[in-house]
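These are my notes from an inspection of one chain. I set down what I looked up, in the order in which I looked it up.

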Amino acid sequence: MECALASIPLKKQNDFVEQVLGKLTAHPDSNQLIETFCAWCDYSFKTNEAAKSLSLHRNTLLYRLKKLESITGLSPWNFKDCMKLATAIFLKSLGSDL
């Protein structure tokens with residue numbers, strides 16, 4: 001999957017990242033929210049395990065996911081929205097450090 005995404009022309013990658021993450025990247029908590037979302041995905045959407053990996057209370061993790069949703073308009077609990085977020089974050093990481 002990552003190889004296929006990396007083969008997309010850079011202009012299209014950047015346009016997609018801007019469309020999905022534009023409002024988030026301007027937010028002062030963007031790195032923290034992205035880190036939280038990525039941990040949640042890495043731990044198979046298991047709130048307790050993801051929170052523990054970040055040394056957070058599970059309610060804090062849920063608060064951050066809801067904040068991510070309110071900023072981006074995409075729900076991490078909706079499969080298509082989650083895939084959009086994950087794809088945009090991956091493409092963003094190809095060009096910069098998160």
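**Helix α3 against helix α6**

I began with a helix pair and recorded that α3 passes α6 in a left-handed crossing. The model is a predicted one, and I read every entry below with that in mind.

I then looked up the geometry of the pair. The axes of α3, residues 30-42, and α6, residues 79-95, cross at roughly 115° and come within 11 Å.

Which residues meet where α3 and α6 are in contact? From α3 I listed I34, F37, C38 and C41, and from α6 I listed C82, L85, A86 and I89. I sorted this contact by class and found eight nonpolar residues, with no polar and no charged ones.

**Helix α3 by itself**

I checked the length of α3 next. Its 13 residues should span 18 Å because each residue is taken to add 1.5 Å, and the end C-alpha atoms are indeed 18 Å apart.

I looked up burial along α3 and noted S30, L33, I34, T36, F37, A39 and W40 as buried. I asked what covers them, and the cover includes α2 (10-25), α4 (47-53), α5 (58-72) and α6. F37 and I34 thus appear in two of my entries: they are buried in α3, and they take part in the contact with α6.

After α3 comes S44, for which I recorded a positive phi near 55°.

**Helix α5**

I repeated these checks on α5. This helix has 15 residues, and from first to last C-alpha it reaches 21 Å, close to the 21 Å expected at 1.5 Å a residue.

Its buried residues are L61, L62, R64, L65, K67, L68, I71 and T72. I noted that R64 and K67 are in this list. The cover over the buried residues of α5 includes α2, α3, α4 and α6.

Just after α5, I found G73 with a positive phi of about 80°.

**The nonpolar core**

I turned last to the largest nonpolar core, which has 21 residues. Which residues have the most contacts inside it? They are L21, L24, F37 and L85; F37 and L85 are also in my list for the contact of α3 with α6.

I recorded α2, α3, α4, α5 and α6 as the elements that give two or more residues to this core. The largest share, five residues, comes from α6.

I followed L21 further. Apart from neighbours within four places in sequence, L21 is in contact with L85, A88, I89 and K92. L85 and I89 are therefore names I had already entered for α6, where both meet α3.

Conventions:
Residues are numbered from 1 along each chain as its sequence is written. This is a predicted model: local features need pLDDT of at least 70, side-chain atom pairs count only at pLDDT 80 or more; totals for chains, interfaces and linings use all residues. Side-chain values use heavy atoms; hydrogens and water are left out. Axes are lines fitted to C-alpha atoms, for helices over the stretch in contact, and angles run from 0 to 180 degrees between N-to-C directions. Helices (H or I, at least four residues) and strands (E, at least two) are DSSP runs, numbered from the N terminus. A crossing is left-handed if the near helix is turned anticlockwise from the far one by less than a right angle, and right-handed if clockwise. Contact means heavy atoms within 4.5 Å. Ala, Val, Leu, Ile, Met, Phe, Trp, Tyr, Cys and Pro count as nonpolar, Asp, Glu, Lys and Arg as charged, and the others, Gly among them, as polar. The expected span of a helix is 1.5 Å times one less than its number of residues. Buried means under 20% relative accessible area, exposed over 50%, partly exposed in between (1.4 Å probe, protein chains only). A nonpolar core is a set of buried Ala, Val, Leu, Ile, Met, Phe, Trp, Tyr and Cys residues joined through side-chain atoms within 4.5 Å.
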